[in-house]
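Trainee: I should like to understand how the terms used for a structure are justified. May we go through some of them together?

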Amino acid sequence: MDSLNLVDRLMEAGVRNAESYRRKLSDNSGEPTVLRDLASEGVAALMFSMAGFVVEMGESPDLMLTGFGQSLSAEVKHFRYKPQDAVDDVKLREYNDYLIAFGNTVPSEGTAAWKQVADVAQRKARQYRAGTPNLLVLESSSPHCVDDGVVRTAVNILDEETVVGTNHHLSRLNGIVFLS
């Protein structure tokens, strides 16, 4: 969905501050990768709106959600298609009937994908609001590297870190929503 169509759909859905979001998209129109990252915010806003939430788009948090007797805040992060995805696409096409390893970002990026997801949650921890449930919404354009299993592993690591108490802001994170 192109960004103009997305903004029109947000406005039709009654998402608040959609016009400000349109300006943000327009300001970044010359940067296709940034534009795609920003589109994740719109996709998440539309999803929550369709689920019955009143949605307000902002800067920090990216989304304020109200519905079902609850207010929530949400930060949104887009994981881009990675160079390893391209390598894995070729490997998967070439090895038709064989099991092969894929999704390993360590050789190309120096860090495992689950660690990248956990790092995002930790970096955004200071933006999580006290006194309200906080969600981290992750959208992935990386089909082989950032998937359900990777996110589940990151959640397990984050749970352990919350119990140990190494990052008290992280305890404000109440859930991760994964869009793939």
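Mentor: We shall discuss a predicted model, taking its labels in turn.

Trainee: Why is the contact between Arg22 and Glu19 called a salt bridge?

Mentor: The N to O distance between the side chains of Arg22 and Glu19 is 3.2 Å. A salt bridge requires a side-chain nitrogen of Lys or Arg within 4 Å of a carboxyl oxygen of Asp or Glu, so the pair qualifies. Both residues lie in helix H2, three residues apart.

Trainee: What makes Lys24 buried or exposed?

Mentor: Lys24 has a relative accessible area of 16%. Buried means under 20%, so Lys24 is buried. Its salt-bridge partner is Glu59, which has 58% relative accessibility. Exposed means over 50%, and therefore Glu59 is exposed.

Trainee: Where in the chain do Glu59 and Lys24 lie?

Mentor: Glu59 is in the loop between E1 and strand E2, while Lys24 is in helix H2, 35 residues apart.

Trainee: Why is Asp37 described as partly exposed?

Mentor: The relative accessible area of Asp37 is 21%. Because this falls between the 20% limit for buried and the 50% limit for exposed, Asp37 is partly exposed. Asp37 also meets Arg80 in a salt bridge, at 2.4 Å from N to O.

Trainee: How do you know that strands E4 and E5 pair?

Mentor: Six bridges join E4 to E5, and the two strands run parallel. Pairing needs at least two bridges, so E4 and E5 count as paired.

Terms used. Residues are numbered from 1 along each chain as its sequence is written. This is a predicted model: local features need pLDDT of at least 70, side-chain atom pairs count only at pLDDT 80 or more; totals for chains, interfaces and linings use all residues. Side-chain values use heavy atoms; hydrogens and water are left out. Helices (H or I, at least four residues) and strands (E, at least two) are DSSP runs, numbered from the N terminus. Buried means under 20% relative accessible area, exposed over 50%, partly exposed in between (1.4 Å probe, protein chains only).
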